[in-house]
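Here's a quick tour of a multi-chain model, written for someone who likes to know the cut-offs. We'll start with an interface and move on to salt bridges and a loop residue.

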Amino acid sequence: MSENISNNNKIVLPIGPQHPSLDEPGRFDITLEGEKVVNAVVGVGYNHRGLEKVCESKNYIQDLYIIERVCGICSHSHSTAFCMAVEELAGVTVPQRAEYIRVVVAELERLHSHLLWLGVACHEIGFDTMFMYTWRDREKVLDVLATVGGNRVNYGINTIGGVRRDFNETINSEILKTVDSLEEDIKRYLEIAMTETTLISRLKSKGKLSHEDALKYGAVGPVARAAGIAIDIRVTEPYGAYKEIPVNVITDTNEDVYGRTAVRILEMQESINIIRYCINNMPEGTLTVKVPRRIPAGEVIVRVEAPRGEDIHYLRSNGTDIPDRVRVRAPTEANWHGMKHMLKGGNLADVPITIAAIDPCYSCTDRAIVISSEKNTEVMDWRGLRRYGIDWYKKQNIDLTSLKIKEV
Amino acid sequence: MIEFLKILCKLFIFPGFLFLSVYSFLLDFLDRKLYARMQNRVGPPWYQPLADFLKLIGKKTIIPADANAVIFSVMPLVSLAAVTVGFIYLPVLGKEAIFSFSGDFVIVLYLLAIPPLAAFLAGWYSRAVYSTIGATRILTQMFAYEVPLFISVLAPTLIAGTWSITELTGFYAAHPLYIFINLPVAITALISFQCKLERAPFDSPEAETEIVSGALVEYSGRLLAFFKLAHNCELLFVISLFSAIYLPFMTGIIWVDFILYIVKTLFILLLLILMRVTMARIEINNTLNFCWKYLAPVTLGQVILNLLLRGVL
Amino acid sequence: MKKTGPGRITFRAIKNLFKKPATTSYAGKGKPCVEKKYRGRICYDKTDCINCGLCMRDCPTGALKIINEGTKEDKKLKAVLNVGHCIFCCQCVDSCMKKCLTYSQDIDFATTNKADLTVEL
């Protein structure tokens, strides 16, 4: 504790790497003066998975499933972006019916992602009943997604050149039925969010990010839209079937967590409208188009609107069936930069909800980093790290030399 | 000798320590079960609180190197002892408590203040950053609810003109209509008790998502088990106190009164659960504002009303 | 602006007391049931298999192995799946030209022994 309290009564409170309010490991060093946050250090890098490197060693079809597992929640957005990139390079046009199915799944995914966020946000502010209710209603969407795709979160509906599963009458009616019952739920959430005093007092004017700051820090998705920036890739740069589907951009002028909540709830309503439009106007036709295994050389950037914001994929091909470079920029990475600004000046009680309000996705964001600072730093490989660990424990009088670990 | 055994039996078995702990386990189970059912969940089985307690008893107790070992290990027992001692002044079986004298009201109120203070000391001497913040929050919250709580508990005594809980209960049991005069302070007392028990929406001292579990973050094993037991007993203690002061309906037949007592405690528990279910956690500064802006004026108004009424009645 | 106040979900909470809970107790209460189209463990039918290796080439995790124990002419094929590695994407089912691979709704593989995770189909 002594190192956490400095002379001038400031406390450094570590939130993370393991903390009940964080869904994944991340670190926030919050400097407190009483209950006020005077400084915050945002640290990521606890969850590096080497996804991009793995993708560069496997063929395009295998990569599709790895890319789908970049994020557990917006899996469809990532795989759509990757598919679109490969299709763009291969120069094929996806059948219209496949585009529509992709959109329906994408909007169902947005529904389940926003419901999940609403539950998490309610949990962060200690409103566990709403947390349970939203997650109960989220099950309906997950059940539909399991019927449509074959799994609850990694639906695997996309394939390069189209989709893998078709919709039929029963699925259509099931989706419409679920969507109808969800519409009721969403209306209720909106009413609770607008009238429950304790909820409003915890959300209003917390984690402020003004219009100018949102532009300055390059915020995307609901965070930017809550600050009044009408940015939505589905409208500003429509892709796939969104070129034909009417989409309204939901914005809010509150510039705070309350605004982000309102934007997300209203976006769910908008998603429901889109799903209804797609089901009613779905064209007939084939599902896939043949794509060669070897993709012609070239490079491409694709932007997709994930539930959390703008998702960018970069793909470079060298003419073989293995990509030369894959780069995934998850939406959270764009929203991290404003985090320090949002945390400063708030109370300690606002920290969890402010962090949760951008819907952070730590492991989607983490990439390998080499820190080069003035201090004495060195880059270690696995063996070096192991040796360092053994030496460090030796100083603490713990001998680990005899421990057998499989050499990598 | 028989008298002595009787008193011992009353102190330790019924309605003393054993009854207190067993019934508080039952209340804890009902608390969790109803909380879960209101959230559309299944909830734990009936033996869950006891199973938790026994499991914690069997676990290793770790005392942090930086902590003050004596205070760290004594505080759970202090908390439990305060609650147990306080409980013997409350009427459970009929309108008579096990012990009573003319000033036991003050004793009970002082004993009521000990568990939060014990938690504060435990947190402060754990020397961990989360527990320090939790401990400061406990003190801040005490500052918020203590005055409204004391005034709202003491306001009914002004009409009864006694400082003994047994006599107070007897007085109101004889004049049941007077209970309705105290309705405003009954409400404020219920809210202050919720605040005192650190249950949602007033759970910022142990806010899980902010400071992990507040003052008790370093506790483990047997010591944590006793803190949990003390907390459960505190819940029953507070509920019994509430039913003795604000719901003293009596029939005079001792076992009917005991069943009435059970019904009353369950009813109060239901109100406390409802409060916990329906609201988000209130920030500590808003708790302060709320207690001083709304609760304190109501209680003070009641005191003035009761003083005036005392002259009339 | 609507009127605000605390405890807006009180009635819903009380109503839920008399409803069936949305969750069920899973522990020790039989097998989980899933949707008909759920992707579970794959099944292998070796009658049509020509051992082309497309399924193995497209498997993202290398969980599936089709092994020929006989000679080239007299094939004795068997499929070995490591369910610990399998991510249940069922790309192998899509890749198979002869429709030898299908998927079942079997999803319960929990075991305490690591060797049990490798199953012969």
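## Where chain C meets chain A

Contact here means heavy atoms within 4.5 Å. By that yardstick, 28 residues of chain C touch 33 residues of chain A. Ile9(C), Lys37(C) and Arg39(C) lose the most area on the chain C side, together 24% of what that side buries. Buried area is the accessible area (1.4 Å probe) that two parts lose on being put together, summed over both. For this pair of chains the figure is about 2,700 Å², with carbon and sulfur atoms giving 49% of it.

On the polar side, there are two salt bridges between chain C and chain A; a salt bridge is a side-chain nitrogen of Lys or Arg within 4 Å of a carboxyl oxygen of Asp or Glu. Arg293(A) forms one with Asp58(C), the closest N and O atoms being 2.8 Å apart. The chain C side that touches chain A splits into 13 nonpolar, five polar and ten charged residues, where Ala, Val, Leu, Ile, Met, Phe, Trp, Tyr, Cys and Pro count as nonpolar, Asp, Glu, Lys and Arg as charged, and the others, Gly among them, as polar.

## How the model was read

This is a predicted model: local features need pLDDT of at least 70 and side-chain atom pairs count only at pLDDT 80 or more, while totals for chains, interfaces and linings use all residues. Residues are numbered from 1 along each chain as its sequence is written, chains are lettered from A and ligands numbered from 1 in the order in which they are written, and side-chain values use heavy atoms, leaving out hydrogens and water.

## Salt bridges elsewhere

Over all chains, the whole structure has 46 salt bridges. Arg202(A) pairs with Glu283(B), the closest N and O atoms being 3.7 Å apart. Arg202(A) lies in helix 7 (residues 197–203) of chain A and Glu283(B) in a loop of chain B, so the pair joins two chains. Both residues are buried (under 20% relative accessible area; exposed is over 50%, partly exposed in between; 1.4 Å probe, protein chains only). They also belong to a salt-bridge network whose members include Glu35(A), Lys206(A) and Arg137(B).

Within chain A, Arg308(A) bridges to Asp359(A) at 3.3 Å between the closest N and O atoms. These partners sit 51 residues apart, and both are buried.

## A loop residue in chain B

Is Phe101(B) buried or partly exposed? Phe101(B) is partly exposed, because its relative accessible area is 39%. Beyond its neighbours within four places in sequence, Phe101(B) contacts Tyr89(B), Ile107(B) and Ser164(B).

Note on methods. Helices (H or I, at least four residues) and strands (E, at least two) are DSSP runs, numbered from the N terminus.
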